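Work through these exercises with the sequence and the 3D structure open. Try each task before you read its solution.

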Amino acid sequence: MEISHCYRRAFRAMGRAKRLLAVCHRRPDGDALGSTAAVLLWCRRQGIAAKAFCLDPIPPSFGFLPESERFTSDPAVFGEGWDTVVVLDCGDLQRIGHPGVAGGFPSVGPHQPPTVIAVDHHCTNDGRYADVSVIDPQASSTAELVLGMFRENGVTVDCDLATCLLAGVAGDTDMLTNPAACRSAFRMASELLSEGADWRSAIGLFVRNRSIPSLRLVGRAMARLKVDPQTGVASTAVFRSDCPDGSDFLADGLVDAIGGAMDAEVILVLKERADGTVSGSFRTVGEADTASVAQRLGGGGHRKASGFTVTGRIVEREHGWTVEREVAPQDH
Ligand SMILES: [Mn+2]
């Protein structure tokens with residue numbers, strides 16, 4: 001289906017909403033938060049009652065985003081009778097991180113499931129969880145698709161909306177430097193800047209965003225880098241003992257900090273997480289399709305940037321760090 005047709009269908013469905021819940025993935029990034037905040041802003045203008053759900057609280061550095069006060073991390077919000085749910089930047093419903101909605105969203109009345117709209121650019125998204133979807137893996141960011149939908153339907157992009165969408169495209173393209181930074185991303189950033197986007201907030205966020213403890217952690221992780229001469233995979237690991245405050249936040253974005261390595265085909269960062277799982281993040285500027293590897297491990301993402309979470313432990317080998325998965329005991 002042509003993308004402009006998807007834009008019109010999704011926008012019509014949003015326009016019919018009386019109560020709209022916008023949902024993005026857990027461990028949110030600029031794209032998840034920016035595109036979700038943009039939908040909330042539009043709802044406010046239309047007089048549609050709206051909230052947003054993100055399982056993890058918005059990091060303080062994103063506090064500049066308009067509408068951030070309308071985000072909640074309380075799953076009870078799903079029970080508040082939404083006729084429309086817009087799922088943003090989620091390849092599948094598991095990415096939301098709340099098991100209660102992994103199979104779908106609660107009905108408004110006894111026989112009235114909400115209309116589910118997906119807006120996403122993950123190549124692993126088959127759109128099956130949505131009634132209406134705008135999915136384009138060629139798009140730099142979900143924010144680019146939200147902007148496309150607004151433009152197609154004549155929505156005026158003011159400076160607040162532009163700030164949200166700039167945070168999205170800047171986040172997913174590492175400020176227009178990574179392989180997702182296609183021509184349309186540059187064009188979009190330029191348009192948003194001329195609409196008055198607050199670029200100091202939206203871009204400053206990605207350059208001056210590490211505390212001293214976080215920099216120390218990055219240093220330790222970089223010192224552990226190992227490169228496999230056969231595959232060109234450079235890998236490293238972060239352990240719980242590296243996170244003195246016990247949170248996962250210090251290691252956020254580490255894979256992008258290492259992504260500048262010019263002598264590695266693929267970067268892999270493994271992290272022991274506070275909940276006992278191990279997560280992995282891949283980046284590449286080469287031809288490798290990291291999404292398919294991540295998908296085999298139950299994750300997903302893009303060809304050049306993807307991730308997964310498994311139960312297991314991190315193991316050091318001669319040429320790299322790997323994860324040894326724990327096999328669940330069989331039921332008898
Ligand atoms: Mn994204």
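**Exercise 1. Pairing in the first sheet**

Which residue in E4 does Val23 stand opposite? Then place the two strands in their sheet.

Solution. The model is predicted, so keep that in mind throughout. Start with the pair: Val23 faces Val87 in E4. Next, look at the strands. E1 covers residues 19-24 and E4 covers residues 84-88. They run parallel, joined by five bridges. Now widen the view. The open sheet has six strands, ordered E3-E2-E1-E4-E5-E6, and the pairing is parallel. Finish at the edges. E3 (71-72) and E6 (132-135) each have a single partner strand, so one side of each lacks a neighbour in the sheet.

**Exercise 2. Helices on the sheet**

Find which strands H2 lies across, and give its angle to E1. Then do the strands touched by H3.

Solution. Take H2, residues 30-46. It lies across E1, E2 (49-53), E4 and E5 (115-120). Its direction makes about 170° with E1. Move on to H3, residues 142-152. H3 packs on the sheet and touches E4, E5 and E6. The angle between H3 and E5 is about 115°.

**Exercise 3. The two sides of H5**

Compare the span of H5 with the expected value, then sort its residues into buried and exposed.

Solution. First, the span. H5 (residues 183-194) has twelve residues. From its first C-alpha to its last it reaches 17 Å, close to the 16 Å expected at 1.5 Å a residue. Second, the buried residues: Ala185, Met188, Ala189 and Leu192. Seen down the axis of H5, the buried residues fall within an arc of 100°, so they line one face of the helix. Third, the other side. There Arg183, Arg187, Ser190 and Ser194 are exposed. Fourth, the cover. H3 and H4 (159-172) are among the elements that cover the buried residues of H5. Last, what follows H5? Gly196 does, and its phi is positive, near 100°.

**Exercise 4. Positive phi without glycine**

Locate Glu67 and Leu176, and decide how buried or exposed each one is.

Solution. Recall the background: most residues other than glycine have a negative phi. Glu67 is not a glycine, yet its phi is positive, about 75°. It sits in the loop between E2 and E3. Count its neighbours: Glu67 has 22 C-beta neighbours inside 10 Å, so it counts as buried. Turn to Leu176. Its phi is also positive, about 65°, and it is not a glycine. Leu176 lies in the loop between H4 and H5. With 16 other C-beta atoms within 10 Å, Leu176 is partly exposed.

**Exercise 5. The second sheet**

Give the strand order of the sheet that contains E7, and find the bridge partner of Val238.

Solution. This open sheet has six strands in the order E7-E8-E9-E10-E12-E11. Its pairing is mixed. E7 (226-227) and E11 (300-301) stand at the edges, each with a single partner strand, so one side of each has no neighbour in the sheet. Zoom in on E8 (residues 233-238) and E9 (residues 266-272). Six bridges join them, and they run parallel. Val238 has Lys271 in E9 as its bridge partner.

**Exercise 6. Two domains**

Where are the domain bounds, and how many residues of each domain are in contact?

Solution. The domain assignment gives domain 1 as 3-207 and domain 2 as 212-325. Their centres, taken over C-alpha atoms, are 26 Å apart. At the contact, nine residues of domain 1 meet ten residues of domain 2.

Conventions. Residues numbered from 1 in each chain as written. Predicted model: local features only at pLDDT ≥ 70, side-chain atom pairs only at ≥ 80, totals over all residues. Pairing = 2+ DSSP bridges. Helix = DSSP H or I, 4+ residues; strand = E, 2+ residues; numbered from the N terminus. Contact = placed C-beta atoms within 7 Å. Axes fitted to C-alpha atoms, helices over the stretch in contact; angles between N-to-C directions. Expected span 1.5 Å × (residues − 1). Buried ≥ 20, exposed ≤ 12 C-beta atoms within 10 Å, placed from the backbone. Arc of directions from axis to C-beta. Domains from an automatic or database assignment.
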